[in-house]
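Hi everyone, thanks for coming. I've got one model to show you today, so let me put it up on the screen and then we'll walk through a few parts of it.

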Amino acid sequence: MWRDDDGSPAGSVPKDRVGRRRLARAVAVQALYESDITGHPATPIAARLADDAGVGRTDQAFAVGLVEAVEEHRVSLDDKLGELAPAHPVSQLSPIDRNIIRIALAELDYKSGDTPEKVVVNEAVELATLFGAEGSQKFVNGVLGTVLG
């Protein structure tokens with residue numbers, strides 16, 4: 001569920017494109033996390049979560065597209081993640097951090113779009129701030145920063 005800065009449920013879906021895209025990415029993170037925990041397919045989870053959050057069709061398609069890209073390229077994304085953070089085995093990363101980085105890598109590598117690379121990294125850091133543990137944003141930023149060089 002999308003929440004305001006104070007942690008309370010948001011009253012409405014963000015109206016600006018940045019906010020809507022962030023919400024779509026948040027839906028993707030939550031869907032992949034739920035899939036990791038339950039073993040259920042992530043794509044229908046993403047569609048359900050997007051519906052629950054009131055995400056519009058275009059942004060729902062964006063969220064589902066990110067989830068599909070992660071699901072389709074999971075092995076290569078995890079291989080790349082392992083190369084970017086060799087001191088942190090992928091299987092031992094927190095599911096939240098792992099999925100935030102997978103989404104960002106998928107968006108950078110497989111989703112040709114109009115989102116600049118630095119924005120993708122910044123959005124991943126914001127998601128780590130929202131969903132991750134203390135220090136997650138630094139870890140996500142460090143790993144993805146190596147991609148940008």
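Let's begin with R74, which has a relative accessible area of 21%, so we call this residue partly exposed. The cut-off for buried is under 20%. Oh, and before I go on: what you're looking at is a predicted model.

Who does R74 pair up with? Its side chain meets that of E71 in a salt bridge, with 2.2 Å from N to O. E71 is partly exposed too, at 32% relative accessible area. And that pair isn't on its own: a network of salt bridges links D36, E71, R74, D78, R98 and R102.

How many salt bridges do we get in total? The count comes to 13. I'll pick out two others.

One is R25 with E107, where the closest N and O atoms are 2.8 Å apart. Here you need to look at two places in the chain, since R25 sits in helix 1, residues 17–38, while E107 belongs to helix 5, residues 95–109. That's 82 residues apart, so this pair links distant parts of the chain. Now, are these two buried or exposed? R25 has just 4% relative accessibility, so this residue counts as buried. E107 comes out at 6%, so E107 is buried as well.

The other one is R48 with E34, at 2.6 Å from N to O. This pair also links distant parts of the chain: R48 is in helix 2, residues 42–53, and E34 is in helix 1, with their positions 14 residues apart. For accessibility, R48 is at 36%, so that one is partly exposed. E34, at 24%, counts as partly exposed too.

Okay, let's move over to helix 7, which runs over residues 136–148. Its 13 residues reach 18 Å from the first C-alpha to the last, close to the 18 Å expected at 1.5 Å a residue.

Which residues in this helix are buried? They're S136, F139, V140, V143 and L144. Have a look at those numbers for a second. An α-helix has 3.6 residues a turn, so residues three or four places apart point the same way. In helix 7 the buried residues cover an arc of only 110 degrees around the axis, which means they're on the same side.

And what covers them? Helix 4 (74–84), helix 5 and helix 6 (117–131) are among the elements that do.

One last stop: just after helix 7 comes G149, with a positive phi of about 85 degrees. That's my tour, thanks for listening!

Note on methods. Residues are numbered from 1 along each chain as its sequence is written. This is a predicted model: local features need pLDDT of at least 70, side-chain atom pairs count only at pLDDT 80 or more; totals for chains, interfaces and linings use all residues. Side-chain values use heavy atoms; hydrogens and water are left out. A salt bridge is a side-chain nitrogen of Lys or Arg within 4 Å of a carboxyl oxygen of Asp or Glu. Helices (H or I, at least four residues) and strands (E, at least two) are DSSP runs, numbered from the N terminus. Buried means under 20% relative accessible area, exposed over 50%, partly exposed in between (1.4 Å probe, protein chains only). The expected span of a helix is 1.5 Å times one less than its number of residues. The arc is that of the directions from the helix axis to the C-beta atoms. Contact means heavy atoms within 4.5 Å.
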